[in-house]
Amino acid sequence: MRKRLGDTVQQGEIVAYLESREVADAKSEFLTAGANLDLQTNLFERERTLFEKKISAEQQFLRAENAFAVSKLRHDLARQKLSALDVDEAEIAELPKQPVANLRRYALRSPIGGRVIERRVDLGAPVGGDQQEKEIYVIADMSSVWVELIASTPDLALLKEGDSIAIEDTAHAKAVGKTIFISPMVTKETRTTRVIVSLDNADGRWRPGSFITAFIPVDRRAVGLLLPRSSLQTVDGKPTAFVRTPEGFEARSVQTGGMTEEAVEVVAGLKPGEIVAVLNTFVLKSELGKAKADE
């Protein structure tokens, strides 16, 4: 066992070694076939030289040629058997140099790069048999995750593949993902459709199994002036912004347009480039109320 829980793994990296009788038999068969192929190759080359010099009979040459072809076929089949057992080509090439004790050894390589999130066996445990563990490690690539959404039938008109969708978790972390799949099927019982959004997760912030909220854009248009909603307070029944002046902040009534949960469009009352307060505006509103009371 070469990896522990939480370790990073590269694709193709050896994560464990198994002892396997089946692998040992396949390696022995390959080595035997290779030795026989070398012998038959030498005999065939010798007989061909003698036949070309008219020293040997044609029948003897044909027998040597047939034996060579059969031994090559057996060698190729033995190699294919090792490949079917996922023995690496580099390991196959090194087999003739390996000690006999290593024949039972099988290198288990990770099919993907990622991180070990589960280790299911201990050193020396039997695996692969009846009522034995079939998996040794669970390795996950969390660099990109899928967000699974359930959309109601009326919402489907607002969705299309390729759209960007804002995602927020219960801790109010936010990100933007891309819609990669909208199921063509509607569930009979709930009248909903499955939607998949791909989300970059290079920092590991998003954990599979967590609950999230998705924000679907229903309208997109350019606006001339946009402010955070926190920058506006209601004064005398009118939306008011606090504009920075040389003397401090001036309360100014504004006319608003469209808005989202975070921002509001200002269509009149402000000019681009003016500085407004965006935090603690309720304090400025309180100070304004005190000033009016004093008057």
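These legends accompany close-up views of a predicted model.

**View 1. Confidence along the chain of the predicted model.** The chain has a mean pLDDT of 86. Of its residues, 98% reach 70 or more. Confidence is highest in strand β9, residues 192–200, at a mean of 93. Helix α4, residues 281–294, has the lowest confidence, with a mean of 73.

**View 2. The second largest pocket and its lining.** The volume of this pocket is about 490 Å³. Its lining is made of 20 residues. Closest to the centre are Y17, L18, E19, S20 and V127. Three elements give two or more residues each to the lining: β2 (14–19), α1 (21–52) and β3 (105–109). Strand β2 provides the largest share, four residues. By class, the lining holds 13 nonpolar residues, five charged ones and two polar ones.

**View 3. An open sheet of three strands.** The strand order is β11-β16-β15, and the pairing is antiparallel. The edge strands are β11 and β15 (255–259), and each of them pairs on one side only. From one strand to the next, the twist averages 40°. Strand β16 covers residues 263–268. Three bridges join β16 to β11 in the antiparallel sense. Within this pairing, L227 stands opposite V264 of β16.

**View 4. V223, in the loop between β10 and β11.** Strand β10 spans 212–215, and β11 spans 226–228. V223 has a relative accessibility of 31%, so this residue counts as partly exposed. The limits for that class are 20% and 50%. Q131 lies 92 residues from V223 in sequence. In space, the two are 65 Å apart, C-alpha to C-alpha.

**View 5. H172, a residue with positive phi.** Most residues other than glycine have a negative phi. H172 is not a glycine, yet its phi is positive, at about 70°. The loop that holds H172 runs between β7 (164–169) and β8 (174–182). H172 counts as exposed because its relative accessibility is 59%, and the cut-off for exposed is over 50%.

**View 6. N280, in the loop between β16 and α4.** N280 is another residue other than glycine with a positive phi, here near 55°. Its relative accessibility is 51%, so N280 counts as exposed. Helix α4, at one end of this loop, is the element where the chain's confidence is lowest.

Notes: Residues numbered from 1 in each chain as written. Predicted model: local features only at pLDDT ≥ 70, side-chain atom pairs only at ≥ 80, totals over all residues. Heavy atoms only, no water. Buried < 20%, exposed > 50% of the residue type's maximum accessible area, 1.4 Å probe, protein only. 1 Å grid on protein atoms, 1.4 Å probe; cavity = no way out; pocket = protein on both sides within 12 Å on 5 of 7 lines; lining within 4 Å. Points joined across faces, edges and corners; volume = space filled by probe spheres on them. Nonpolar A, V, L, I, M, F, W, Y, C, P; charged D, E, K, R; others polar. Pairing = 2+ DSSP bridges. Axes fitted to C-alpha atoms, helices over the stretch in contact; angles between N-to-C directions. pLDDT = per-residue confidence, 0-100.
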